Amino acid sequence: MSRIHCCMYSARSKRHNKDKSPSPKASLKHKSLDNALSHIPSLSRNGSPRSSSPTPALVQKSMSRKSSELSTNGFPASLSRSVSRRSTTPIMFSNSSGMLKPPPIQKDLDCTLEELCYGCTKKVKVTRDVLTNTGQIAEEEEVLKIKVKPGWTKGTTISFEGMGNETLGCFPADINFVIAEKRHSLFRRDGDDLEIVVEIPLVKALTGCEISVPLLGGEEMSLRIDDVIYPGYQEVIEGQGMPSTKEQGKRGDLKVVFLVEFPAQLTDEQRSDIFSILAEDSC
């Protein structure tokens with residue numbers, strides 16, 4: 001009984017070992033895989049090949065396909081195209097530190113023609129936010145001095161770098177003061193020239209006159225006119241305009257534009273006299 005049992009066990013063992021033995025097909029697969037792997041150079045820990053065996057055609061083809069996907073700068077072509085599309089977006093960082101530069105704060109600086117003609121110093125009080133040592137925001141008042149130079153025009157900008165508000169992670173903003181020209185009651189500016197309108201009665205316009213013309217600095221100048229003054233007639237006084245910023249010591253001109261004041265009503269005798277005078281001139 002025990003012998004039969006042993007024989008059966010032996011048969012099972014042989015059958016089990018027989019199942020474990022590789023089939024001819026499996027053996028061929030292992031051999032072909034071993035042959036393929038034998039041509040691939042094994043890598044050391046630092047990534048350098050341990051042998052100088054040539055790269056298999058399969059690996060070469062794969063590497064060639066991957067290399068075609070790389071751009072000239074070493075990044076994948078898809079990433080390179082993405083970066084190329086985004087390159088038109090302006091860079092917001094002012095330098096390599098990564099801190100942002102906020103846009104400047106614009107403020108108007110009102111000036112009269114007299115201040116722009118002769119120059120002046122204006123003091124402007126500004127209130128801005130500043131960062132304390134603890135990172136808190138506090139208000140600070142400061143008086144800025146602006147030296148207005150003779151001849152400056154409307155739109156001239158004076159910048160104070162870093163005198164604007166301070167915020168965490170950003171550079172302090174700049175403050176830009178833009179010259180704004182106040183309207184004058186007598187003069188109008190046209191570049192370096194000034195223009196003034198003078199109204200005279202009809203009798204002076206026809207017979208000639210001497211008038212007093214005000215100047216920008218407050219003085220007056222006597223002007224004699226012997227011509228017949230008609231509506232739109234002009235006289236030019238040289239060198240009484242605004243200073244030139246391009247040529248030192250040179251000033252523009254003052255243009256005197258005349259308006260003729262006609263009488264609101266005439267008597268019959270006045271009408272007759274005017275008619276007879278003008279009729280004689282027309283003959």
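## Three strands, mixed pairing

In this predicted model, L109 has I179 in β5 as its bridge partner. That contact belongs to the pairing of β1 with strand β5 (residues 175-181), which is parallel and runs over seven bridges. Another position to look at here is Q106, which stands opposite N176 in β5.

Now for the other neighbour of β5. β4 and β5 are joined by four bridges, this time in the antiparallel sense. S159 also stands opposite N176 in β5, so N176 turns up as the residue facing Q106 as well as S159.

Put together, this is an open sheet of three strands in the order β1-β5-β4, with mixed pairing. β1 (105-111) and β4 (157-160) are the edge strands, and each of them pairs on one side only. From one strand to the next, the twist averages 25°. How enclosed is β5 by the rest of the structure? Largely: six of the seven residues of β5 are buried, so the rest of the structure largely encloses the strand.

## Four strands, mixed pairing

There is also an open sheet of four strands, and its order is β6-β7-β11-β10, again with mixed pairing. At the edges you find β6 (187-190) and β10 (234-237); each has a single partner strand, so one side of each has no neighbour in the sheet. Neighbouring strands here are turned by 30° against each other on average, if you ignore direction.

Zooming in on one edge, β6 is tied to strand β7 (residues 193-201) by four bridges, and the two run antiparallel. Within that pairing, R189 stands opposite L194 in β7. 

## Aromatic pairs

The count of aromatic pairs comes to three. One of them is F160 with F177, an edge-to-face pair with 5.8 Å centre to centre and 90° between the planes. The two rings come from distant parts of the chain: F160 sits in strand β4 and F177 in strand β5, 17 residues apart. Are these two residues buried or exposed? Both F160 and F177 are buried.

Y233 and F258 make a tilted pair, because their planes are at 50°, with the ring centres 5.9 Å apart. This pair also links distant parts of the chain, 25 residues apart: Y233 is in the loop between β9 (220-225) and β10, while F258 is in strand β11. Y233 is buried, and F258 is buried too. Add Y230 and you have one aromatic cluster, made of Y230, Y233 and F258.

## Salt bridges

Nine salt bridges are counted in the model. Among them is the one between the side chains of R188 and E195, at 3.4 Å from N to O. R188 is partly exposed, with a relative accessible area of 44%, and E195 also counts as partly exposed, at 21% relative accessibility. The E195 value calls for a look at the cut-off: buried means under 20%.

R224 forms a salt bridge with D226, and the closest N and O atoms are 2.9 Å apart. D226 is exposed, with a relative accessible area of 58%. For the side chains of K250 and E247, the N to O distance is 4.0 Å. If you're setting cut-offs for your own contact list, note that a salt bridge here needs the nitrogen within 4 Å of the carboxyl oxygen. K250 counts as partly exposed at 45% relative accessibility, and E247 is partly exposed with a relative accessible area of 45%. Elsewhere, R128, E140, E142 and E166 are joined into one network by salt bridges that share partners.

## A nonpolar patch on the surface

Which residues make the nonpolar surface patch? They are L266, I274, I277 and L278, and the patch covers about 340 Å². L266 is found in the loop between β11 (254-261) and α7 (268-282). With a relative accessible area of 30%, L266 is partly exposed.

Note on methods:
Residues are numbered from 1 along each chain as its sequence is written. This is a predicted model: local features need pLDDT of at least 70, side-chain atom pairs count only at pLDDT 80 or more; totals for chains, interfaces and linings use all residues. Side-chain values use heavy atoms; hydrogens and water are left out. Patches are made of residues with over 30% relative accessible area and no salt bridge: like charges are joined within 9 Å, nonpolar side chains (Val, Leu, Ile, Met, Phe, Trp, Tyr) within 5 Å. Accessible areas come from the Shrake-Rupley method with a 1.4 Å probe; for residues, only the protein chains shown count as cover. Buried means under 20% relative accessible area, exposed over 50%, partly exposed in between (1.4 Å probe, protein chains only). Two strands pair if DSSP finds at least two bridges between them. Axes are lines fitted to C-alpha atoms, for helices over the stretch in contact, and angles run from 0 to 180 degrees between N-to-C directions. Rings of Phe, Tyr and Trp (its six-membered ring) pair if their centres lie within 6.5 Å; planes under 30 degrees apart count as stacked, over 60 as edge-to-face and the rest as tilted.
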